[in-house]
Structures are given as C-alpha cells and as structure tokens.
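Let's take a friendly look at this protein, one feature at a time. Keep the picture at hand as you read.

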Amino acid sequence: MFIICAAFLSIRTCPDVMLSRLLKDHQAKQNERKEIQEKRRREAVAAATRLTEALVDHLNVGVAQAYVNQRKLDNEVKTLQIQAAQFAKQTQQWLGMVDNFNQALKEIGDVENWARSIEMDMRTIATALEYVYKGQLQPAT
C-alpha cells in the first residue's frame, strides 16, 4: 500500500510541482520583461533629455547672440546720444557765433551809414562855405 501511496502522491504532487514551476517561469519572464521595459523607459527618458538639451542649447545660442547684439546696440545708442548732445551744444555755439557776426556786420553797416551821413553833411557844409567864400570875394557892384 505504501508504494501505491507513494505513486499516488508523486502523481498528485507532480502537477503541483509542474504548476509551481510554470508559475516561477512565468514570474521570471514577467520580471525579465519588466526589466527590459524599464531599461527601454530609461533609454527613452535619456534620449528625450538629450533632445531637449540640444534644442535648448540651439535656442540659447540664438538668444545669447541676440543678447550680445542688444548690448552692442545699447552701447552704440549711448555713444550716439552723447555725440548728438555734443553736436547740439556745438551747433548752439555756432549759432551764437553767427548771431554775433551778424550783429557785428549790422554795427559795421550802421557805422558805414553814419560815416556816409557825416560825409554828406560835411560836403554840404563845405559847399556852403565855398559858396559863401566865393560870394565874399566878388566885388559888390
């Protein structure tokens, strides 16, 4: 009876062992698939990170160049403002000099007019004196 029981037990435990082995194999394959899937997920995240960094770097180059250009423009604008202010000051000085020159020309014109006026008066006086002098030299008849 013992042999039958052992045979019966071995038959009975054989499917249990088989099922247990199948379960272990299934779990091992699932773990292997999970590891492969996790590895692929990490690779995908790393690739996406590299792509994002490359895109950001590409954009940053353009932004950095724009920033450098903006700084150059700001410096040029400051220089231009300083030069424009200096030019305006110099222009005001030139305008002042031109006004002074015009005033001097007017004064010269006034002196010239005054000199002509005096000259005319002197000629009139000279002519009158000459007329009087000639009138005195002629004998009274």
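The protein has 1 helix and 0 strands. That helix, α1, covers residues 2-137. What you see is a predicted model, with an average pLDDT of 86 for the protein. A pLDDT of at least 70 is reached by 87% of the residues.

One stretch deserves some caution. Over residues 1-11 the pLDDT stays under 50, and the model has 0 contacts for them beyond four places in sequence. Where pLDDT is low, the predicted coordinates should not be read in detail.

**Inside or outside?**

How much of the protein counts as buried? Of its 141 residues, 0% do. The protein exposes about 13,500 Å², and 63% of this area is supplied by carbon and sulfur atoms.

Some nonpolar side chains gather on the surface. Val111, Trp114, Ile118, Met122, Ile125 and Leu129 make a nonpolar patch of about 640 Å². Take Leu129 as an example: this residue lies in helix α1 and has a relative accessible area of 56%. Leu129 is called exposed because its value is over the 50% cut-off.

**Charged partners along the helix**

Side chains of opposite charge can pair when their charged atoms come close. How many salt bridges are counted here? The count comes to 5 salt bridges. The table shows some of them, including the distance from N to O.

| Salt bridge | N to O distance |
|---|---|
| Glu38 and Arg41 | 2.5 Å |
| Glu38 and Arg42 | 3.9 Å |
| Glu130 and Lys134 | 3.3 Å |

Let's start with Glu38, which meets Arg41 in one salt bridge and Arg42 in another. Why can Glu38 reach these partners? Their spacing along the helix offers a clue. Glu38 and Arg41 are 3 residues apart in helix α1, so about one helical turn separates them. Glu38 and Arg42 are 4 residues apart in helix α1, again a separation of about one helical turn.

How open to the surroundings are these side chains? Glu38 is partly exposed, with a relative accessible area of 31%. Arg41 also counts as partly exposed, at 46% relative accessibility, and so does Arg42, at 47%.

Further along the chain, Glu130 forms a salt bridge with Lys134. Both residues lie in helix α1, where they are 4 residues apart, or about one turn of the helix. Glu130 is partly exposed at 46% relative accessibility, and Lys134 is partly exposed with a relative accessible area of 46%. Returning to the earlier group, salt bridges that share partners join Glu38, Arg41 and Arg42 into one network.

**A pair of rings**

Aromatic rings can also be paired up in this model, and the count comes to 1 aromatic pair. Which residues form it? They are Phe87 and Trp94, whose ring centres are 6.5 Å apart. The angle between their planes is 90 degrees, and the pair is edge-to-face. The label applies because planes over 60 degrees apart count as edge-to-face. Trp94 itself is partly exposed, with a relative accessible area of 44%.

**Looking back**

To retrace the tour, find helix α1 at residues 2-137 and then the nonpolar patch that includes Trp114 and Leu129. After that, look for the network of Glu38, Arg41 and Arg42, and finish at the edge-to-face pair of Phe87 and Trp94.

How values were computed. Residues are numbered from 1 along each chain as its sequence is written. This is a predicted model: local features need pLDDT of at least 70, side-chain atom pairs count only at pLDDT 80 or more; totals for chains, interfaces and linings use all residues. Side-chain values use heavy atoms; hydrogens and water are left out. Rings of Phe, Tyr and Trp (its six-membered ring) pair if their centres lie within 6.5 Å; planes under 30 degrees apart count as stacked, over 60 as edge-to-face and the rest as tilted. Buried means under 20% relative accessible area, exposed over 50%, partly exposed in between (1.4 Å probe, protein chains only). pLDDT is the predictor's confidence in each residue, from 0 to 100. Contact means heavy atoms within 4.5 Å. Helices (H or I, at least four residues) and strands (E, at least two) are DSSP runs, numbered from the N terminus. Accessible areas come from the Shrake-Rupley method with a 1.4 Å probe; for residues, only the protein chains shown count as cover. Patches are made of residues with over 30% relative accessible area and no salt bridge: like charges are joined within 9 Å, nonpolar side chains (Val, Leu, Ile, Met, Phe, Trp, Tyr) within 5 Å. A salt bridge is a side-chain nitrogen of Lys or Arg within 4 Å of a carboxyl oxygen of Asp or Glu.
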